[in-house]
Amino acid sequence: MVELIEIMTNQRISKHMLDQATSSKKEYRFPAEVLHAFCVITGSLEPFRVLLRAIGCEVVDPSEERALRLARLLKEKERIEREIEKLKREMEVEYASNA
């Protein structure tokens, strides 16, 4: 695993560092610069979940990403449709006042 992390991040870490960081001892921390590689290799997003939960955010799994993207696009579509209707009303008022 250490070799894969080093290849993915181009940063040197030792097996000892990895062992310490994954131990139950709280004084050892895993370098944030290589956390993404650790998550890819282990297949777990839990380290990111822990970090993001602390600031009120959450990780979106790849399976949830499409649904979130769709929801965002639908919200944007509604905003655009409201803006179109507003412009139409403004143009109608302008046209009526010029007639």
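Start with the largest nonpolar core of this predicted model. Select Val2, Ile5, Ile13, Leu18, Phe30, Val34, Leu35, Ala37, Phe38 and Cys39; these 10 residues make up that core. Two elements, α1 (2-9) and α3, give two or more residues each to the core. The largest share comes from α3, with 4 residues.

Next, select residues 35-42, which form helix α3. Among its residues, Leu35, Ala37, Phe38 and Cys39 are buried. Just after α3 comes Gly43, where phi is positive, near 75 degrees.

Stay on α3 and pick Ala37. Which residues does Ala37 contact, once neighbours within four places in sequence are left aside? They are Ile5, Met8 and Thr9.

Move to Thr9, which lies in helix α1. Thr9 counts as buried because its relative accessibility is 13%, and the cut-off for buried is under 20%. Show what surrounds Thr9: not counting residues up to four places away in sequence, it touches Glu33, Val34, His36 and Ala37. To see how the chain brings separate stretches together here, draw a C-alpha to C-alpha distance from Thr9 to His36. The two are 27 residues apart in sequence and 8.8 Å apart in space.

Now look at the cysteines. Select Cys39, a member of the core, and then Cys57. How many disulfides does the structure hold? The number is 0. Why is Cys39 unpaired? The closest cysteine sulfur, in Cys57, is 16 Å from that of Cys39, so the two are too far apart for a bond. Cys57 is likewise in no disulfide. Colour both by accessibility: Cys39 is buried, with a relative accessible area of 4%, whereas Cys57 is partly exposed, at 40%.

Finally, zoom out to the whole protein chain. Colour by secondary structure to find 5 helices and 0 strands, in the order α-α-α-α-α along the sequence. The C-alpha trace spans about 80 × 25 × 20 Å along its principal axes. The radius of gyration is 25 Å, where a compact globule of 99 residues would have one near 13 Å.

Switch on the surface last. The protein chain exposes about 8400 Å², and carbon and sulfur atoms supply 57% of that area. Of the 99 residues, 14% are buried. Among contacts with a separation of 6 or more, 30% join residues 24 or more positions apart.

Note on methods:
Residues numbered from 1 in each chain as written. Predicted model: local features only at pLDDT ≥ 70, side-chain atom pairs only at ≥ 80, totals over all residues. Heavy atoms only, no water. Buried < 20%, exposed > 50% of the residue type's maximum accessible area, 1.4 Å probe, protein only. Core = buried A, V, L, I, M, F, W, Y, C linked by side-chain atoms within 4.5 Å. Contact = heavy atoms within 4.5 Å. Disulfide = S-S within 2.5 Å. Rg over C-alpha atoms; globule rule 2.2 N^0.38 Å. Areas by Shrake-Rupley, 256 points an atom, 1.4 Å probe, with all protein chains shown as cover.
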